[in-house]
Amino acid sequence: MYKIATLNKISPKGLRTLTDNYQIIDNPDEADGIIVRSADMHEMSFSKDLKAIARAGAGVNNIPIERCADQGIVVFNSPGANANAVKELVITGMLMASRHVPEALKWTGTLKEDVKKTVEKGKSQFAGNEIHGKTLGVIGLGAIGVLVANAARNLGMKVTGYDPYISLKSAHELSNKIPVTEDLGELLETSDYVTIHVPVTDQNKGMMDSRRFDQMKDGAVLLNYARDTLVNEDALLEALESGKLSYYLTDFPNSTLIGHDKIIATPHLGASTGEAEDNCAEMASEELMDYLEKGNIINSVNYPNCSLGELDPDANARIAILNRNIPSILGKITGILADLDINIRNMTNTSRGGYACTLIDIDGDENVSAEEFLETMDFEGIVSIRILK
Ligand code: MLT
């Protein structure tokens, strides 16, 4: 029986994906796996039993992924599972800005008498523009960016994408009418609306700075439903002040941004739909089960994808190893198996950055125990070993 702790409220429907082999518990110190939404895990210490953390969502900035990798804890996210929900809020955001919806709602709410007449007299102050025919620049063409780009195109917008790391999957899913530029400056110079859909990294923190705002069209609208730290706040406030930006839409309000008349802020609602919450919890549960039972890693953000599929019923066991990506480890592992006269039926080894994953299905009738292997394979570079049957 595996124990899964949940931090935050995780969709019960999604959690029902976990089979009878799983128990939901409260104490993360006793868990084999954790499912988390937005809880900040940076100050948490992790027990030696913890094998994996699955983020029910895309962003992983609430999880110390390097420390987890070092401790042999595989961190997963659920890319695409909430993409439709975010896409719908981004489209809503563009329409809110173009039609001055927040100001209009606020004004309408103040009307008390003679409402019909006042409405007809006062409505012209909120006359807006249509998004049809305008240009949208999409920064980041992952699961969300592609959905936003295609939806905007279907609404009659001209769309340009920017993503130096576009995946084959995204390239395939993106409408072939949408050009992808390698020049962010060019996208900014030509877009009436710019929307950001990249994960935050050390390299792109504050990427929207004064230089980038200067490149934007006068009166452009910036939408940020990705992460707050992608935008330099001082530069943003200057751009709003000078009229360079006509609106900033964000899902990440803070005390400086609240109340600004050109900032339309939602309370981190991008993924807050029943459908997205179910999808994310379901994907997170499936990732944990695949890893805990079979050692397979799909959608990890700190270890490479690595899979041997279902456990082989004819094999003696599967050895699941997490190791550092340093020379000669694989040779040592296979050498030890040869010394123990254990035949390899099937194996895979993948690496990413400083870490690697090795899965080996072995033959034989011996009752292979994790302890026995730990003793023989106790050399530099091994992070964790599990024997799965
Ligand atoms: C995400 O990164 O996908 C969102 O922040 C998810 C959420 O709102 O929990």
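Reader: Which residue of E2 is the bridge partner of Tyr-2?

Author: In E2, Tyr-2 has Tyr-22 as its bridge partner. Just so you know, this is a predicted model, where local features need pLDDT of at least 70, side-chain atom pairs count only at pLDDT 80 or more, and totals for chains, interfaces and linings use all residues. Residues are numbered from 1 along each chain as its sequence is written, and side-chain values use heavy atoms, leaving out hydrogens and water.

Reader: What makes E1 and E2 a pair?

Author: Strand E1 (residues 2-6) is joined to E2 by four bridges, and the two run parallel. Pairing takes at least two bridges found by DSSP, so four bridges make them a pair. A strand, by the way, is a DSSP run of at least two E residues, and a helix is a run of at least four H or I residues, numbered from the N terminus.

Reader: And why are E2 and E5 called edge strands?

Author: The open sheet runs E2-E1-E3-E4-E5, with parallel pairing. Strand E2 (22-25) and strand E5 (74-76) each have a single partner strand, so one side of each has no neighbour in the sheet. Neighbouring strands here are turned by 20° against each other on average, direction ignored.

Reader: How do you know that helix H11 packs on this sheet?

Author: Helix H11 (residues 274-294) touches E1, E2, strand E3 (33-36), strand E4 (52-55) and E5, where touching means heavy atoms within 4.5 Å. The direction of H11 makes about 160° with that of E4, on a scale from 0 to 180 degrees between N-to-C directions, with axes fitted to C-alpha atoms (for helices, over the stretch in contact).

Reader: What makes the contact of Arg-37 with the ligand a polar one?

Author: An N or O atom in the Arg-37 side chain sits 2.5 Å from a ligand oxygen. A polar contact is a pair of N or O atoms within 3.5 Å, so this one counts. Arg-227, at 2.9 Å from a ligand oxygen, and His-268, at 2.7 Å, also put polar side-chain atoms there. The protein covers 93% of the 270 Å² of accessible area that the ligand has on its own, by the Shrake-Rupley method with a 1.4 Å probe.

Reader: How do you know which residues surround the ligand?

Author: A residue is near the ligand if one of its heavy atoms lies within 4 Å. Among those surrounding it are Ser-38, Arg-55, Gly-57 and Asn-82.

Notes
Polar contact = N/O pair within 3.5 Å; in protein donor to acceptor, adjacent residues only side chain to side chain.
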